[in-house]
Amino acid sequence: MTYSCKKDECENYSPHKDVVIDNSMNSIKFKESSYWVYQNDVTLELDSQRVVFGSNNDFTGEYPSKCSGGTFVYEYRMTVHSFLNNQDYDYLIIGSGLNKDTNSSGNHYGRFIYSGTNIYSADSGTEYIENIPLLNLNGNDFNNVKKIWVKVLPANSYYPNLSIHDMYYYFSDSVGLIKWEVSDGSTIIESWSIKSWDIIL
């Protein structure tokens, strides 16, 4: 009788799950001392960004309960320092997604900005726009560039905003972020493109 009662309470029991980093993220899992130099497309101002910390971590995503075996999550955290703004940004790779935390809070919380598998949830406010076969930036050719739209969400949204404006991010395998744009909804009001880089994977 006791066993039957527990079974009725948990007909949809979820077994334990390990959330591992998907292989599709290996090409943007950058190690310490990787760096990028970006140039403002209008003012020609430069911003150097360097990975100052990279670490594999793990944490409990959901503790076991009577209806779940819980989840254990593996992540790779990169702290990138902008020398122009003298500010740190945390990038978290979890599963097949890259999240950006502008506050460097260290609490696994950030905005989903890239999927290695091109799968984006409808409520995340992040959308895959297109694959650009060839993109030339400051004399450098990049193939199969993925353009991602990160929308401004309402203030009560679970997901944080990275800007008061929509953002467009351009990603290239083994180089990472090669361009970003800030849009007011009708025009691009700020744009940065990669000029040089040195990557350690």
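Lys and Arg count as positive here, and Asp and Glu as negative.

**View 1. Charged side chains of the predicted chain.** The model is predicted. The chain carries 15 positive and 25 negative side chains. The centres of these two sets lie 4 Å apart.

**View 2. Secondary structure along the chain.** One helix and twelve strands make up the elements of the chain. Read from the N terminus, their order is α-β-β-β-β-β-β-β-β-β-β-β-β. The C-alpha atoms fill a box of roughly 75 × 35 × 35 Å along the principal axes.

**View 3. Surface and interior of the chain.** The chain has 201 residues, and 42% of them count as buried. About 11,000 Å² is exposed. Carbon and sulfur atoms supply 50% of that area. Among contacts with a separation of 6 or more, 48% come from residues 24 or more positions apart.

**View 4. Ser-124 in its loop.** Ser-124 sits in the loop between strand E7 (111-115) and strand E8 (126-137). Its relative accessibility is 2%, so Ser-124 counts as buried. The cut-off for buried is under 20%.

**View 5. Contacts of Ser-124.** Leaving aside residues up to four places away in sequence, Ser-124 touches Arg-111, Phe-112, Leu-153 and Tyr-159. Arg-111 and Phe-112 fall within the range of strand E7 (111-115).

**View 6. The side chain of Ser-124 and the backbone of Thr-126.** A polar atom of the Ser-124 side chain lies 3.2 Å from the backbone nitrogen of Thr-126. Strand E8 (126-137) begins at Thr-126.

Methods: Residues numbered from 1 in each chain as written. Predicted model: local features only at pLDDT ≥ 70, side-chain atom pairs only at ≥ 80, totals over all residues. Heavy atoms only, no water. Helix = DSSP H or I, 4+ residues; strand = E, 2+ residues; numbered from the N terminus. Buried < 20%, exposed > 50% of the residue type's maximum accessible area, 1.4 Å probe, protein only. Polar contact = N/O pair within 3.5 Å; in protein donor to acceptor, adjacent residues only side chain to side chain. Contact = heavy atoms within 4.5 Å. Areas by Shrake-Rupley, 256 points an atom, 1.4 Å probe, with all protein chains shown as cover. Charge placed at Lys NZ, Arg CZ, Asp CG, Glu CD.
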